[in-house]
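Student: I am new to this structure and should like to look closely at a single part of it. Please begin with the pocket that ranks second in size, and then describe its surroundings.

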Amino acid sequence: MRPTGEHPEFLWRNPAPKRAYEVVIVGAGGHGLATAYYLAKNHGIADVAVLEKGWLAGGNITRNTTVIRSNYLWDESAAIYEHSLKLWEGLEAELDYDLLFSQRGVLNLAHTLQDVRESVRRVGANRLNGIDAEWLDPAEVAEVCPIVNVSPEARYPVLGATFQPRGGIARHENVAWGYARAADALGVDLIQGCEVTGIDGLTLQTTLGPIAAGKIGLCAAGHSSVLAKMVGLDVPIQSHPLQALVSELYEPVLDTVVMSNAVHVYVSQAHKGELVMGAGVDPFISYAQRGSFHVIEHQLAAALELFPIFAQARVLRTWAGVVDVCPDASPIVGPTPVEGLYLNCGWGTGGFKATPGSGWAFAWTLAHGEPHELNAPFSLERFTTGALIDEHGAAAVAH
Amino acid sequence: MILIPCPWCGERDETEFSCGGPAGVPYPSDPAALSDEEWGTYLFFRDNPRGPFRERWVHTHGCRRWFELTRDTVTHEIHVRRD
């Protein structure tokens, strides 16, 4: 036991940056850290720096609602999200770090006939892709989650739900710290408080001086447009606030994840006892990491409609992250027209679940100079060719 | 909640309005003449600046008129243009 008042051991070094690296990742969030880890672990490229303008894991990796699932409609999405889920399933052992990864299942409720048709179709598509998926009728929904109001009298009655038993949650900051510790141990330099202010060729101008790179990987989520603009690259991204909240701590009442596209809320209960809820995005562009309170009110109204038992629960804290939304609600992961510059962005409202898969595929892409087959469909070119991967309605998520 | 100054009704709560996205994006005058790249740019690429941003709003639950304003995407500070 460490004496009270003594600082715990640091999980990573905090080195001064070298003047050059083989690969420089911009953004020490989940995707950036995972990318650095897999570069070192899978491809033997450890001469890597991860630059972070603020503090490690201060952005969306710790602002999300930690939902993990892979029940996407389209083959391209199903492949990369399922790859990610399989990595999640071995991640605590691989990183030797407790992530509180809990496969408690994810319910996606259907409230209208269209919801039902879309959901049943998605269950079929998921099964064809080898993803666990079931269609539950209202009575079966009540068995999985007794506190959901499945009464036909409800304003938006529950007509059924899709269920992915392997879905679940994890503790998000542990994910970042686990990847950071493992990457650091393999020789990756994690540089906090180092903002990129310009990019000249493959040299990054930073608040800690210029840093040259063999290759640059941008993992800056909501700030991707700002960085891409530095090299004159336009990206089809809009940055929106996405809000979430936690309640005070309660006894365990909810042991699965419940999402409702139609009434715009998703809920789980963290191990410590908080109810964790997320909403849809605020409609305007913002880099402010805060949204409008009426969005929270709307989200809570939806939650109370579904869970009358929450009526006495109190909100402890609300916050927002800046999410990078693509026109087709799918990410962009791959090379750019700028030689040596690679992009990993556009994960929008659903990036947390993809953290391992995104880092894995982006590391492969950086190491080989071309996209892996998992992320090849998620190219920047699709906005010219029209080969969009439209997950707006089909991703079973409220946005 | 943002207070939005409608040019006709004055300051009202954001909930009365709908955000119409970026201003100054005209429909191409001759769409058939565009290359795939130009058409893709028109359809999918919009400015996403950190700072002042021209956008359109409509006073949905008020006078129902469209107008343009400049809003800072970091501070949410608003300047209305009357036209």
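Which helices and strands each supply at least two residues of the lining of the second largest pocket?

Tutor: Three elements do so: α6 (224–229) of chain A, and α1 (36–44) and β4 of chain B. Helices (H or I, at least four residues) and strands (E, at least two) are DSSP runs, numbered from the N terminus. The model is predicted, so local features need pLDDT of at least 70 and side-chain atom pairs pLDDT 80 or more, while totals for chains, interfaces and linings use all residues. Residues are numbered from 1 along each chain as written, chains are lettered from A and ligands numbered from 1 in written order, and side-chain values use heavy atoms, without hydrogens and water.

The pocket itself (an open set of points on a 1 Å grid where a 1.4 Å probe fits, with protein on both sides within 12 Å along at least five of seven lines) has a volume of about 600 Å³, the space filled by probe spheres set on the points. Its lining (residues with an atom within 4 Å of a point) comprises 26 residues. Nearest the centre lie Asp234(A) and Val235(A) from one chain, with Thr41(B), Phe45(B) and Arg46(B) from the other. Helix α1(B) gives the largest share of the lining, namely four residues. By type, the lining holds 12 nonpolar, six polar and eight charged residues; Asp, Glu, Lys and Arg count as charged, Ala, Val, Leu, Ile, Met, Phe, Trp, Tyr, Cys and Pro as nonpolar, and the others, Gly among them, as polar.

Consider next the strand of chain B that contributes to this lining. β4(B), residues 52–58, pairs with β3(B), residues 18–22, in the antiparallel sense over three bridges; two strands pair if DSSP finds at least two bridges between them. Within that pairing, Trp57(B) of β4(B) has Cys19(B) opposite. β4(B) also runs antiparallel to β5(B), residues 66–72, and seven bridges join the two. Here Phe53(B) faces Arg71(B) of β5(B) as its opposite residue.

Elsewhere in chain B, β1(B) (residues 3–6) and β2(B) (residues 10–13) are antiparallel partners over four bridges. They form a hairpin with three residues between them, and Leu3(B) has Asp13(B) of β2(B) as its bridge partner.

Chain A, which supplies α6(A) to the lining, also contains an open sheet of eight strands with mixed pairing, in the order β5-β6-β4-β13-β14-β15-β12-β16. Its edge strands are β5(A) (134–136) and β16(A) (315–325), each of which pairs on one side only. β5(A) is joined by three bridges to β6(A) (residues 160–164), and these two strands run antiparallel. In this pairing, Trp135(A) has Thr162(A) of β6(A) as its bridge partner.

As for confidence, chain B averages a pLDDT of 94, and 96% of its residues score at least 70; pLDDT is the predictor's confidence in each residue, from 0 to 100. The model scores ipTM 0.94 and pTM 0.96.
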